[in-house]
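Here is a quick tour of a protein fold, written for someone who would rather look than read. Pull up the model and follow along.

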Amino acid sequence: VGGRDYVVSPRGNTQWARNARAAGSVELGPRWRGREVRITEVPDTETHPATRDVVRLLRSAQPAMPDAAHAVGLAVRLTTPTTRETLTGILTRLTARHAALRTAIVPAAQGGRELRVDRVLPQPPLRWTVVPDGTPLDAAEGLRELLEPAFDLAAPPLWRFELLDGGERGQLLVYGAHHAVS
């Protein structure tokens, strides 16, 4: 990525990963053409300067504006029912691949703001709600309830996902993000 090689331990802190960490290098490539490469672990958290667009979006917020005005969201009616485990797995893999889903906006040491990207989230980003019989499966209401609470910019993710499960009436996936990271 970006001209750099990465060795990934997809199963986490395995014996292989512990051995590689202790040795400080791994051999890459086929045995007949392998080359030894020094390894450096990716930190649990990285910081980057906030872009001009992020700073501009944060400055556009007016104190009297409702918190929901700082978010953008969508609702999708699922045509095939899903399970909590399946959707959680999909979102966990998506979160692992896309830093925007693991980003927070925090004060910078020298003033201003910076983006903090965590390697992993403390918990999957999916909220699952069973909608009781007699209660309408309403996309607009689901989005309002999802995005109305204020985002804590310093606590990732700045994206929210919720599956509204109406049983036989179907399922709605509502999701949205704070406008600074959308």
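## Ground rules

Helices (H or I, at least four residues) and strands (E, at least two) are DSSP runs, numbered from the N terminus. With that settled, Val181 turns up in the segment after strand 9.

This is a predicted model, so local features need pLDDT of at least 70 and side-chain atom pairs count only at pLDDT 80 or more, while totals for chains, interfaces and linings use all residues. Residues are numbered from 1 along each chain as its sequence is written, and side-chain values use heavy atoms, with hydrogens and water left out.

## The four-stranded sheet

Take the sheet with the order 4-9-8-7: its four strands form an open sheet with mixed pairing, where two strands pair if DSSP finds at least two bridges between them. Strand 4 (71-78) and strand 7 (126-130) are the edge strands, each pairing on one side only. From one strand to the next, the twist averages 20°; axes here are lines fitted to C-alpha atoms, for helices over the stretch in contact, and angles run from 0 to 180 degrees between N-to-C directions.

Strand 7 pairs with strand 8 (residues 159-165) over five bridges, in the parallel sense. If you want a spot to zoom in on, Leu126 has Phe161 in strand 8 as its bridge partner.

## Helices across it

Two helices are worth a look here. Helix 3 (residues 84-97) lies across strand 7, strand 8 and strand 9 (171-178), at about 155° to strand 7; contact means heavy atoms within 4.5 Å. Helix 4 (residues 139-147) lies across strand 4, strand 7, strand 8 and strand 9, and runs at about 40° to strand 9.

## The three-stranded sheet

There is also an open sheet of three strands, in the order 3-6-5, and its pairing is antiparallel. Strand 3 (45-49) and strand 5 (103-107) each have a single partner strand, so one side of each is left without a neighbour in the sheet. The twist averages 35° from one strand to the next.

Strand 5 and strand 6 (residues 113-118) run antiparallel and are joined by five bridges. Thr103 stands opposite Val117 in strand 6.

## Back to Val181

Is Val181 buried or exposed? Val181 counts as buried because its relative accessibility is 15%, and the cut-offs are under 20% relative accessible area for buried, over 50% for exposed and partly exposed in between (1.4 Å probe, protein chains only).

Setting aside residues up to four places away in sequence, Val181 touches Ile105, Leu158 and Trp159. Val181 and Leu57 are 124 residues apart in sequence, yet 9.2 Å apart in space, C-alpha to C-alpha.
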